[in-house]
Structures are given as structure tokens and as C-alpha cells.
Amino acid sequence: MRILLIAFVVVQSAFAAPQFWNTDAEGIVSESKTLEVFDESINFQPGLNLYNEAAELTDLFGTKGSQLCAPNSITHAVTFLRYARNPNFPNLMSVPDMDQDGTADTYKDKIRYFFKVCNTDREVGTYYSQAIACMKNYVAQSGYTSFSFMIGPHSQEAPTGYRIEDVRRTVAISDLRYYLANQVPVIMGIGWYTFNSTTQKYERNGGHFFNLYGYDYNAVFGENKMILKVVNSWINYTGRERINMFDDVVMTRVTGLPTYYPDQVVFELEGPGFTFNQTKALVEDLFIMFPVANN
Ligand SMILES: [Ca+2]
């Protein structure tokens, strides 16, 4: 079943985002994997598999293995912005020959570069504040105005001209529809939460970053559900067609007593890479990284 691409812009009156040139979302168009018919369906993932590169950077691993999800997802997003997006951002800067193999700016060099400039810790990974800071700096150092900020309860700084309450709030489905429809490669931060039967609450015991490059949405979902096109650093896409180098992950509004979940968590994820017996993947923050050309 072929999916219709429908151009639209969600009006966000409090949020005067930059003018995006391309609202037609002319990315890679995938076949639907479900029998549902969606009002809006977008997939612009670039067909870039970084799994093997990251798996070979074992000198950056901690005692529990790789904590490279932030450097990996940032590398994925900047590669998309520089080469695949239409229009693209060719001035996004190359990185040095970090591994001294004689070739600069390889995917491995980029992952090493963001590991370094994000101050990623090989044991605990990358804090949200560190991740957004290095995204923002990379775009600015490339000579663009950096429209880079977080939306979510951990957001600490609004972009110029906006209020902190515009971005320090719970994530909304309308946010994802707006940015993804404009081919902004959103990075999502989730927490892994396990239920503690003593406190009767979900407690956080880790987190994860990954890339979003589209979604399926039906108006009947309202603000309660959407299906995300996820590129996840711990899934190896080798062997898939480039058009299929992503997974459908369902994001739904959590139910239950208000105190059952952490404050300001309203969505959980289920699907490949996110479904476990005792642990929930709860959506926390979105990372928007977008270059705006200086006139
Ligand atoms: Ca190199």
C-alpha cells in the first residue's frame, strides 16, 4: 500500500520557528507496514547504518559496553543535514582525523568527535545538557545560526526570542508533527524506568538517544498516539534495503494513576528496541538541531 505524503504545517502560535523551505517532505517514501490508513505519513530517513562503525569503537566503551548513543545519533543527524536533506547544509563542518587513520571526517571520526565535544562519559553516557550544548556549538561553529534547543522537562534554554515556558514543558505530538514534517531530524531522549513495588513508582535507571525521521499519524489519534520512524544506534540495519533502515515504534500516552509515572512524562514507546518485560521506555525530551543560513 502506497502512502500519501500530505504537506502541512501545524500552527504553533507561541512558536515562531524559522521558515522551512520544504514543507513537501520529499524524503524517501516507504511502504506502509500496517493495515492502518494514515492521514499523514512521512519517512525521510537517509538509509544510513552506523551500527558497524559504532560497534568497532571499543576503546570508547565502558565496563558495561557502549554508551555512544548520543555521539552516534548526532553523527546521524548532522550527516543527514549536510548531505541528504533537500535543501541541505553543505557548510556543516568536517571533523578532524580523530583516529589518525589518514582520512578525516569519516563516520568513525564524527562519532569520536562528538564523544569528545559532548564530554560523553564512557560509563554513564551523555547528559542532556551536554548533548544539546555540543549540537548547538557544532552548528554555530559551521557558520550557521544555530536553531538548536530542547523541548521537554529538562530544557534549560529557549532559542533567541522565545520563552523558556515554550520549551520547558511536556513533549506534544504536535511538536513531532511540525518538526518532522519539515524534515528536521529530531533526536529523542527517553528514560528507562523500572517499577519499584515498594515506592509504587517507576524509577529511572538509564536513558537513551535515537533519531526520528518521520511518522504515521491519523487524526483519530489526537494527542494520544503516533507511530515514529526510528533509527536506533543499537539496531544493525545491514541487509535491509536503504528505504527500510528504520523501525516503526508506537508512542502512546501513558495511562494509570498520575503519581504512577514520573512527573512530566506523558508518553511511552513500544516496538523494536524499546519493549522489555520489566522496563518502560518513557519519553522525556526532544532535541532540535537545525542550521539557519545567515544572509
Ligand atoms: Ca579518520
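Which residue takes a positive phi just after α4? G143 does, with a phi of about 100°. The legends below refer to a predicted model.

**Figure 1. Overview of the predicted chain and its confidence.**
The protein chain has 295 residues, and 39% of them are buried. Its secondary structure comes to six helices and eight strands. From the N terminus on, the order is β-α-α-α-α-β-α-α-β-β-β-β-β-β. Of the contacts between residues at least 6 apart in sequence, 62% join residues at least 24 apart. Mean pLDDT for the chain is 87, and 87% of the residues reach 70 or more. Residues 1-33 have pLDDT below 50. Beyond near neighbours in sequence, that stretch still has 61 contacts in the model. Among the elements, helix α3 (residues 107-117) has the highest mean pLDDT, 98. Strand β1 (residues 40-43) has the lowest, 93.

**Figure 2. Helix α4 and its buried face.**
Helix α4 covers residues 128-141. At 1.5 Å a residue, its 14 residues should span 20 Å. The end C-alpha atoms are 20 Å apart, which agrees. Buried here are Y128, A131, I132, C134, M135, Y138 and V139. Seen down the helix axis, the buried residues fall within an arc of 165°, so they line one face of α4. Their packing partners are α2 (69-84), α3, β2 (145-151), β3 (186-196), β4 (201-217) and β8. Just past the helix sits G143, with its positive phi of about 100°.

**Figure 3. The largest nonpolar core.**
This core holds 71 residues. Seven of them touch the most other members: A131, M135, L180, V186, V283, F287 and I288. Strand β8 (residues 279-292) gives the most to the core, with eight residues. Two of the well-connected members, A131 and M135, are also among the buried residues of α4. L180 is likewise one of the buried residues of α6. In soluble globular proteins, nonpolar side chains tend to be buried together.

**Figure 4. Helix α6 and the contacts of L180.**
Helix α6 (residues 173-181) is mostly covered, with seven of its nine residues buried. Those seven are I173, D175, L176, Y178, Y179, L180 and A181. They pack against β1, β2, β3, β4, β5 and β8. What does L180 touch, leaving aside residues up to four places away in sequence? Its contacts are I42, V186, L212, G214 and Y215. After the helix comes Q183, whose phi is positive, near 55°.

**Figure 5. Strand β4 and its antiparallel partners.**
Of the 17 residues of β4, 12 are buried, so the strand is largely enclosed by the rest of the structure. β1 runs antiparallel to β4 and is joined to it by four bridges. In that pairing N43 stands opposite G214. β3 is also antiparallel to β4, with 10 bridges between them. There I190 stands opposite H208. The hairpin of β3 and β4 has four residues between the strands. In this hairpin Q200 takes a positive phi near 60°. Four bridges join β4 to β5, again antiparallel. D216 stands opposite I227 in β5.

**Figure 6. I243 in the loop between β5 and β6.**
I243 lies between β5 (225-231) and β6 (247-253). Is I243 partly exposed or buried? It has 13 other C-beta atoms within 10 Å, so I243 is partly exposed; a buried residue would need 20 or more. I243 and N43 are 200 residues apart along the chain. Their C-alpha atoms are separated by 8.9 Å. N43 is the residue that stands opposite G214 in β4.

**Figure 7. P272 in the loop between β7 and β8.**
The loop that holds P272 links β7 (267-270) to β8. P272 counts as exposed because it has 12 C-beta neighbours inside 10 Å, and the exposed class takes in 12 or fewer. Which residues does P272 touch, not counting those up to four places away in sequence? They are I235, D247 and V249. P272 and V230 are 42 residues apart along the chain, and their C-alpha atoms are separated by 9.2 Å.

Notes
Residues are numbered from 1 along each chain as its sequence is written. This is a predicted model: local features need pLDDT of at least 70, side-chain atom pairs count only at pLDDT 80 or more; totals for chains, interfaces and linings use all residues. A nonpolar core is a set of buried Ala, Val, Leu, Ile, Met, Phe, Trp, Tyr and Cys residues joined through C-beta atoms within 7 Å. Helices (H or I, at least four residues) and strands (E, at least two) are DSSP runs, numbered from the N terminus. Two residues are in contact if their C-beta atoms, placed from the backbone, lie within 7 Å. pLDDT is the predictor's confidence in each residue, from 0 to 100. The expected span of a helix is 1.5 Å times one less than its number of residues. The arc is that of the directions from the helix axis to the C-beta atoms. Two strands pair if DSSP finds at least two bridges between them.
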